[in-house]
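Student: Let's walk through this model together, please. I'd like to test a few picks against the numbers.

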Amino acid sequence: MNRTIHWLAFALAFVPGALSAHATGEDYVVLRFEADRIEGHFEIHTEDLRDKLGIEVTGDAETARPAIAAAAPEVHDYLTRNFAIGPVGGDPYELEFVRQDALDLPQGTYAQYHFRSLTGPLPDRLALEHSLFYEGDRLHRGLVLVEYNARTDTTYPSEYTALVFSPTNRSQTLDLTDIPAILGPGDMIPQGVLHIWIGIDHILFLVALMLPTVLVRRDAGWRPAESFSQAAWNLLKIVTVFTLAHSVTLLLAALDFISLPSRLVESVIALSIILVALDNIVGRVRSGSLWVVLVLGLFHGLGFASVMGHLPFRMVDLLKVVVGFNVGVELGQVAIVAVVFPLLFLLRRSNLYQPVVLRGVSAVLIAVAGWWFLQRALGFA
């Protein structure tokens, strides 16, 4: 794990300073809570202006500013109809738009609409309604970010996400006496555990790797491992290589250094099960098996990163979040190994182990993964 963390730290050192938590398919409401007013701005991707509101805004921030200014009244009307903030049980505050601007980010150009609300003394709890850009888009998310809170005299780190809205979660409350971030790094550990446990293809790949670890290759055939330590060493080598491989690509993909088509990644993950299970039956590539595990593990890391990218939240400290998620994946992996490996070790001397457990289970894995591969490669999954 220390080596994995070193890889993560090394990669983060090369992340451009402009890299942010912004992503397409999301809009942002950035708020400052002063003693007697709310100041803030909306940040909306120009693609959403075009696709959802029919407003053509092209080019970078400099060239987009005139079009953003011309369409500002129409956008202001849309925003006031689909976003509200006010005291719980009371009338929402009036949004007074003061200016508009544009912002260039790696994810594209965003239009900014700055506003303020003269609220008087703010209550402890505020009710928020968000219905922006959900029309025909069940995956769109609205994020409320907080910059400053006078109630607790707290200045928050960049893109500190307090609330996440979705088409099925449009009404929420915000407690100004305590504004926690959405899913911090520690909260990502159970997410990582969960997503390897529900990732049946990753589990089957791990099982395929474990099946021959309680055996040794001798005289062109399989023989039971003589001791638990011998079998455990076989397991440790394979799991370590798999862990390092998927940890590296998980980080690189999460930081947008690597981006491969989802169909390709998911197809190779299915193919990885087939290749390992086939080798369990024919035993042709044992001398190079660790290299096979390394290469295939790289694709599994891309699969984990894809899962992270679809979780309905955004992160403030990306390095810690990715490390937390990966720690969860490893803990979930250890739990699977702790259940399956001792059972395989106890069964290794049985006359049924090689024909039924090793070859029979591997044949089932080939059939299941083969069907997945066809679905994913041909695009009808």
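**Inside, surface and charge pairs**

Student: Is Gln-333 buried or exposed, and at what relative accessibility?

Tutor: Buried means under 20% relative accessible area, exposed over 50%, and partly exposed in between (1.4 Å probe, protein chains only). Keep in mind that this is a predicted model, where local features need pLDDT of at least 70, side-chain atom pairs count only at pLDDT 80 or more, and totals for chains, interfaces and linings use all residues. Residues are numbered from 1 along each chain as its sequence is written, and side-chain values use heavy atoms, leaving out hydrogens and water. Gln-333 counts as buried because its relative accessibility is 2%.

Student: Which side chain makes a polar contact with the Gln-333 side chain?

Tutor: Gln-333 sits in helix 10 (residues 318-347); helices (H or I, at least four residues) and strands (E, at least two) are DSSP runs, numbered from the N terminus. A polar contact is a pair of N or O atoms within 3.5 Å; within protein, one must be able to donate a hydrogen and the other to accept it, and residues adjacent in sequence count only if both atoms are side-chain atoms. At 3.1 Å, the partner is the side chain of Thr-243.

Student: Which helix gives the most to the largest nonpolar core?

Tutor: A nonpolar core is a set of buried Ala, Val, Leu, Ile, Met, Phe, Trp, Tyr and Cys residues joined through side-chain atoms within 4.5 Å. The largest one has 43 residues, and Phe-33, Phe-42, Tyr-113 and Leu-128 touch the most other members. With four residues (the helix spans 72-82), the top contributor to this core is helix 4.

Student: Which strands hold Glu-96 and Arg-116?

Tutor: Their side chains meet in a salt bridge (3.2 Å, N to O), meaning a side-chain nitrogen of Lys or Arg within 4 Å of a carboxyl oxygen of Asp or Glu. Both are partly exposed, Glu-96 at 33% and Arg-116 at 36%. The pair ties together parts 20 residues apart in sequence, because Glu-96 lies in strand 4 (residues 96-105) and Arg-116 in strand 5 (residues 108-118).

Student: How far apart in sequence are Asp-137 and Lys-52?

Tutor: These two form a salt bridge, with the closest N and O atoms 3.3 Å apart. Asp-137 is in the loop between strand 6 (125-130) and strand 7 (141-149), and Lys-52 is in helix 2 (residues 46-53), so the pair links distant parts of the chain, separated by 85 residues.

Student: And how many salt bridges does the structure hold?

Tutor: Another pair is Arg-32 and Glu-34 (3.2 Å, N to O), and Asp-36, Arg-37 and Glu-39 are linked in a network. The salt bridge total is 14.
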